[in-house]
Amino acid sequence: MRLVTQIFSFILFIIMPGSSVGGSEPEAPKIEVVEAPLLSSSIAPAKLPQVSVGTFEEEHSKPEEQGEKEVPETPANGGTQPRDHITLDEAMELSGRSRPPWLGRRKARQARAISNDHQHAVDKRWYAQLHADKTCYGLSAEISAFRPKLENGDFSLLQTLVSNDDSGHPLQTIEAGWIRWGFESVDKQPVDSDSCYFFVFYTTKDYVGDSEDNKQGYAPKVQGYVQKDPTMVPNTTKFEHSHIDGVQYRMTFTWMLVKGRADPKEDGWWLKVNDTWNGYFPLSLFQVPGATSTLADYGTHMEVYGEIMDLDFDRSRPDPNQIRTSTDMGSGKFSAAGWSRAAFIRNIIWAQTPHWKTNRWVHALKSDWEVGTGRAIDPSMYDINWQGWQKGPAGSGCYIGGPGRGLPPGKWSDWDSISPKNMFDAFATITVVQRTPSIWTDILVVDVNGQVRHSYWVDEDYSSFDRAAGWIPIRSGQDTTPKFDKNTRIAAVSRKPTQLDIFGVAEDGKLWTARWVDGIGWSSWRDISNGMTFSFGGINKVMSVAAIARFSSTLDVFVNNNGTMYTTFWVEGKKDWSSMMPAGWQILSGNAPIFPFEAEIFAQATSPISMAVFIVGPNGHVWTADSLVIDPDPEIHLNLWNDWLDIGSPPPSDPNDPTTQQRFHPASQLAVVSREIARLDVFAVAENHILYTANFTIKNRWSSVGQDKYWDAIGTGPFTAGSPPFDASHSDVVALVRQSPSNRTTIDVLIGVAIDADRVYRVFWSEQTGVWSSDTSHGGQGWDTQVGGDRSGRIGVSGMKIAAISRRGSKITVLAMRGDGRADFSDFDETDTPA
């Protein structure tokens with residue numbers, strides 16, 4: 001059978017002004033009663049229209065009113081038959097379900113024992129909830145649809161629940177909401193943990209024991225739930241996600257006890273998801289001879305809540321060394337963050353009477369629902385904030401969520417996706433630019449169709465998650481959008497916080513550029529080649545391009561054109577790019593060899609008036625050229641460049657035999673950082689699989705140039721067998737300079753992927769100690785192999801491309817391309833520990 005994965009187009013919230021604060025009391029909604037349920041028409045999937053709604057307003061002592069609500073329509077009679085589909089059976093089995101500790105604590109149930117297995121499940125959960133002990137015949141709530149970050153093995157959900165806890169039978173519940181699973185695989189079967197799913201669950205045996213047909217479990221894994229709408233399949237259908245301070249999506253779940261169907265077998269608890277009746281639980285599942293009441297009669301308890309399963313924690317254990325989860329509930333923001341930042345459950349209404357009588361639906365009010373911080377197991381991890389009933393479509397509701405304990409210092413978060421599978425090639429390169437520290441980061445990748453795609457991170461939220469729609473294609477008109485090779489590394493720079501300039505050589509051999517401006521968006525692509533066609537060397541389709549912004553009014557771009565270095569520059573207020581002027585492209589030819597055509601060029605601004613470029617030469621050494629720019633003007637003259645300089649290579653493997661000198665591969669990735677003005681550090685992996693470095697200062701010049709001077713292996717001593725081997729031609733190398741929490745300079749070098757394991761390695765140098773962490777003989781901690789947290793060894797393939805940035809000095813974010821064509825990220829927040 002084929003896995004059915006249809007994406008929800010959930011109803012979009014467009015933020016509009018809410019009701020006014022203060023003044024006269026709001027009017028209660030009018031009573032509206034619907035006709036008896038329709039018994040003839042078939043159930044057809046409904047399209048989900050866009051609606052405009054208000055936001056929650058602060059209560060400010062506005063009185064609550066016993067308002068009544070327009071009731072949901074009952075499901076039409078008949079309908080289509082459920083279709084076959086494959087679900088996440090293994091994941092369902094592993095997760096289990098647990099009764100929240102407050103559920104069913106009415107006097108009639110106090111003497112009921114809880115099984116040891118069930119109590120163990122409860123002790124591994126974190127909850128935040130609202131509930132009411134009321135006789136009810138329906139429940140409806142709108143639940144916002146953020147995608148929470150997860151630790152491996154956890155899950156996170158928001159849901160609705162109706163139950164009957166009469167003492168004459170085990171607890172009965174019906175439940176629906178959305179869930180994100182934190183499982184990579186179960187029983188060696190892959191599980192897609194990158195998305196949230198619509199789910200339906202029920203129990204007629206108080207959550208005791210395993211899943212069982214017509215007794216307990218997730219639909220459609222176990223029999224019981226009868227699905228009518230084939231377009232929304234429980235535990236298979238994914239949905240669109242909300243974004244912090246951005247588009248807000250929600251799902252509406254409506255439970256309704258329905259009787260009097262043309263076919264009595266269709267009497268039961270029906271579930272409507274948004275505007276479509278999805279299916280129902282037949283009354284026969286809940287009927288118990290001799291019981292005072294069951295769910296076949298009515299519900300006695302209602303809930304809306306969030307739940308986290310914490311795989312590595314157990315509240316029943318006294319062990320103080322247990323670490324609580326950092327899995328998000330909702331958006332990962334606490335309830336105080338409010339509209340468009342915290343998750344919400346709103347417009348909570350419930351049926352006081354059945355549809356075959358008066359069918360009276362009312363808003364959830366504080367007088368009926370137990371609310372307050374006491375309804376969260378630990379408000380320091382997750383909390384819930386009742387908002388009260390308000391005039392308008394928001395109705396009654398709450399904000400809910402939290403980050404758990406948060407990512408602790410010194411720990412990497414688990415790899416998590418920001419794109420769907422197969423959107424990119426497994427060897428696609430990732431370009432990342434930080435435009436405003438701690439606020440905005442841009443990500444650019446060429447997709448499998450040769451289009452440049454743009455995603456961004458803002459305020460701990462990615463625009464893309466696992467959705468292709470979150471990756472903006474950068475297009476011109478139909479005939480002017482360039483097509484790039486799927487492995488092209490796009491060069492990008494931000495010369496102002498509101499702007500981003502990108503560059504790349506397309507398959508037509510031309511250099512193209514486009515610009516993003518906040519409030520305007522992307523410009524069309526522009527060809528700045530001025531007739532120049534850049535050669536790919538006959539084999540390599542990926543042209544090396546580098547770009548820098550020395551300060552806010554200049555741009556410099558460099559291209560390796562089949563072994564010759566070309567450059568063009570732009571100055572704000574001048575007519576155009578220098579390449580578009582009569583002088584044309586400038587060739588960096590002084591003392592230049594013919595560089596390998598596959599060698600990538602790297603550029604670094606060393607001050608607002610100086611810059612340098614780097615590339616691996618034909619002799620396996622790294623070469624550099626630098627320029628001091630005093631008065632750049634593309635209309636008058638080109639920049640002045642010094643001759644190319646050979647800055648050496650690693651030392652010979654045999655100190656007594658110069659012929660054993662090690663070399664860099666033409667495809668070796670170079671990483672260049674400037675920790676202060678006119679000070680440079682360069683890193684690269686040599687053909688002997690060792691990471692080396694060389695540095696430049698005004699006083700000492702290049703550390704690797706001169707008699708018996710070579711590049712240094714990372715650390716103070718020789719390469720040790722315990723360090724991880726790398727691949728010179730495939731391992732991507734990234735370097736960062738940042739300020740630690742105590743304002744000390746730290747250099748981080750990240751390498752992916754090692755030959756013997758698919759992972760990203762990190763090594764770092766601390767100003768506090770003056771040694772590399774790999775230098776264990778002088779107190780270094782060794783290589784950091786935990787990038788990606790508990791998923792650190794499950795990321796990619798040999799040759800995987802990575803990118804990294806630093807936020808707030810102490811925080812690092814690494815992005816990596818997985819073997820299945822997905823882009824992933826992992827975060828790290830450092831303590832002030834020495835190297």
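Which residue in E35 does Asp556 stand opposite? Asp556 stands opposite Phe569 in E35, and the surroundings of this pair are taken up below, after a note on the model.

## Basis of the model

The model is predicted, so that local features need pLDDT of at least 70 and side-chain atom pairs count only at pLDDT 80 or more, whereas totals for chains, interfaces and linings use all residues. Residues are numbered from 1 along each chain as its sequence is written, and side-chain values use heavy atoms, with hydrogens and water left out.

## Strand E34 and its two hairpins

Strand E34 covers residues 554-561 (strands, E, of at least two residues, and helices, H or I, of at least four, are DSSP runs numbered from the N terminus). Eight of the eight residues of E34 are buried, so the strand is largely enclosed by the rest of the structure; here buried means under 20% relative accessible area, exposed over 50%, and partly exposed in between, with a 1.4 Å probe and protein chains only. Thr554, Asp556, Phe558 and Asn560 point one way from E34, while Leu555, Val557, Val559 and Asn561 point the other way.

E34 runs antiparallel to strand E33 (residues 545-548), to which four bridges join it; two strands are taken to pair if DSSP finds at least two bridges between them. Ile548 has Asp556 as its bridge partner in E34, and a hairpin of five linking residues connects E33 to E34. With strand E35 (residues 564-571), E34 pairs in the antiparallel sense over eight bridges. E34 and E35 also form a hairpin, with two residues between them, and Asn562 in that turn has a positive phi of about 55°.

## A six-stranded open sheet

An open sheet of six strands follows the order E4-E16-E6-E7-E10-E11, with antiparallel pairing. Strand E4 (125-132) and strand E11 (216-218) stand at its edges with a single partner strand each, so one side of each is left without a neighbour in the sheet. The twist averages 15° from one strand to the next, where axes are lines fitted to C-alpha atoms, for helices over the stretch in contact, and angles run from 0 to 180 degrees between N-to-C directions.

E4 pairs with strand E16 (residues 301-309) in the antiparallel sense over eight bridges, and Leu130 has Val304 as its bridge partner in E16.

## Nonpolar cores

The largest nonpolar core (a set of buried Ala, Val, Leu, Ile, Met, Phe, Trp, Tyr and Cys residues joined through side-chain atoms within 4.5 Å) has 67 residues, and those with the most contacts inside it include Ile174, Trp255 and Phe281. Strand E13 (residues 248-258) gives the largest share of this core, seven residues. Apart from it lies another core, of 20 residues, among them Ala612, Ile647, Leu680 and Phe696.

Leaving aside neighbours within four places in sequence, Ile174 is in contact (heavy atoms within 4.5 Å) with residues including Val162, Trp255, Phe281 and Leu295.

## Backbone exceptions in loops

Most residues other than glycine have a negative phi, and most peptide bonds are trans. A cis peptide bond joins Ala219 and Pro220, with omega at about 0°, and Pro220 is found in the loop between E11 and strand E12 (226-227).

His689, which is not a glycine, has a positive phi of about 75°; His689 is found in the loop between strand E42 (679-685) and strand E43 (691-697), and is partly exposed, with a relative accessible area of 30%. Asp708, also not a glycine, has a positive phi of about 55°; Asp708 lies in the loop between strand E44 (701-702) and strand E45 (712-713), and counts as exposed at 59% relative accessibility.
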